[in-house]
Amino acid sequence: MSGKLYLKNQIPAILVNLMGMLALALFLLASGNQFQTVMFIFMVWFIILTTYLSVVYYARKRYLNQLLDMTEQLEERYLMPEIMTIPEKADEQVFYQIMKMAEKSMLEKIGAIQNEQKEYKEYIEQWIHEVKTPITAMKLLCENNCSPFAREILAELENINQYTEQALYYARSKHTEKDYSVREIDLCDVVHSAIADNKYLLRQSNMTITIDDIKNRVYTDDKWVRFILNQIIGNAIKYRTEQPVLHFSTIKTNDRIVLFISDNGIGIPQSDLPRIFEKGFTGRNGRIKKDSTGIGLYLCKRLCDKLGIGLTAHSENKGTTVALSFQLNDFVTGVQG
Amino acid sequence: MKKILIVEDDFTIQVQLKTLLSGNGYEVFAVTDFSQTIQQIKAFVPHLVILDIKLPGNNGFEICSEIRAFSDIPIVFVTSSNTDMDELNSIMLGGDAFITKPYNTAILLAKIAALLKRAYPSPQTEFFTWNGVTLHLESSVIEYKEQKAELTKNELKILYYLFKNAGKICSRNDIIDFLWDNQLYVDDNALSVNVTRIRDKLNKIGFTDFIKTKHRQGYTL
């Protein structure tokens, strides 16, 4: 509360007092009192008035500063009327009422938007599940009648499936609720199933795949990790060079298992590397390939953060290595024996 | 012959799944009247059931628990929704496998074969014979007139595919597809190298020209 403004607000009261003083002075002088007596009464009045004004000022200031502090500490500030005490002054109560009304309409609006978002997410999930039926039917049709033509359709179907999965995980990652379950999984199995998901695309691009002996077991959600691997394999296919190679390997250290996925593709420029996990960032490679969306790696990062997996990318001129590092905490190693 | 029952409401998938499974040596029956699923299962007496979750009338979970009331045949859940809840439900109700659409046919077939093998164990040892050459799957050995040669994993799988399709021409693409489905990521060059090695081994045990090359078509026994 600014002191100047407070004083300005008190001008009518001060003026009334001054007028009262003047009237009293004239009356006292007219009734034959001494000038000194009048001056004395004047002084006393003035002291009482200023004391009153400053005491009120500091008391108000303390109260209001408290309210301000409370509001600032609150995460959802629009909920302030819920925790503040109802003010006693008549005009303050009106303001309090206004705040209450504002809060209510705000809450209603938030509720409506949250509901809408939830419905939208549910619709997207349902749509994705529905679109998977015709994808499955097409896949079966092609695999039952395998010709070079069918192979090309199967490769495109894998692309379609990747895009629908991306939409599904995008819808899911927006929500704070837990959509995953952590259990013990074999890294080798996830790698093989991710390769199987991209079989026709990998075959079409003549990718040579080498897998080191992966025998590690980690605690994580296999569906999410499979999705992340699919995105990384998809990138390796998209940004490949002549005679593409994809290599999977693991390293086990004291407290973590790191899965490396390396390719010999066009790589990522050093200047782009720090930003590749940003939403919508496409960089140099995005300008070369027109179908970059800047969503895939962003989603990978989000999912990894939720699962507590470390995700890093490394590239020197040519080729990219993506590392997924799975924590092995004391509890997990204890269970493993 | 093992009997498989399909409970799937999408007509195209139903027909194609039937084609796929009968092509792999199973007797297949698909439920068409979903109000009579249980009666149809009881009438057909399958060795394994492939069950979709979203169905007209009773859903897959309900059908699963009804089946479990009178039988413990293997049940494979197939669904397009891959939420943890569904997976958990399917396990709780006694499902043996949970596969999400769009499924990899190789994985589906492998799961079915594994479940059938576990539920109905057959003691026979696995081997193939063609033109006097015997392929022992368990020991990964090829034998001709008492002479034996050890095979690598790749070589064994290539020979397995050729023996299984003995007499037919196997295209290079089909062989590579089969190897990939078995997690052996062999490319075109590596396939040629492997076939050459197999031929060398066969030469050593005294059978030349066992695998014939059909120009632009593939290999045949």
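A crossing of two helices is called right-handed if the near helix is turned clockwise from the far one by less than a right angle, and left-handed if it is turned anticlockwise. Keep that in mind for the helix pair below. The model is predicted.

**Stop 1: the domains of chain A.** Select residues 3-104 of chain A for domain 1, then residues 186-336 for domain 2. Taken over C-alpha atoms, the centres of domain 1 and domain 2 of chain A are 67 Å apart.

**Stop 2: a helix pair.** Select residues 11-30 of chain A, helix α2, together with residues 35-73, helix α3. The axes of α2(A) and α3(A) lie 10 Å apart and make an angle of about 165°. Angles over 145 degrees count as roughly antiparallel, and α2(A) and α3(A) are therefore roughly antiparallel to each other. Their crossing is right-handed.

Now show the side chains at this contact. From α2(A), pick A:Asn17, A:Met21, A:Ala25, A:Leu28 and A:Leu29. They meet A:Val38, A:Phe42, A:Trp45 and A:Leu49 of α3(A). By type, the contact residues are 8 nonpolar and 1 polar, with no charged residue.

**Stop 3: where chain A touches chain B.** Bring chain B into view. Here 21 residues of chain A are in contact with 21 residues of chain B. On chain A, select α5 (90-144), α7 (187-197) and β2 (208-211), each of which supplies at least two residues to the side that touches chain B. Which of these elements gives the most to that side? It is α5(A), with 11 residues. Coloured by type, the side of chain A that touches chain B shows 7 nonpolar, 9 polar and 5 charged residues.

Note on methods: Residues are numbered from 1 along each chain as its sequence is written. Chains are lettered from A and ligands numbered from 1 in the order in which they are written. This is a predicted model: local features need pLDDT of at least 70, side-chain atom pairs count only at pLDDT 80 or more; totals for chains, interfaces and linings use all residues. Domain bounds come from an automatic or database domain assignment. Axes are lines fitted to C-alpha atoms, for helices over the stretch in contact, and angles run from 0 to 180 degrees between N-to-C directions. Helices (H or I, at least four residues) and strands (E, at least two) are DSSP runs, numbered from the N terminus. Angles under 35 degrees count as roughly parallel, over 145 as roughly antiparallel, 65 to 115 as roughly perpendicular and the rest as oblique. Two residues are in contact if their C-beta atoms, placed from the backbone, lie within 7 Å. Ala, Val, Leu, Ile, Met, Phe, Trp, Tyr, Cys and Pro count as nonpolar, Asp, Glu, Lys and Arg as charged, and the others, Gly among them, as polar.
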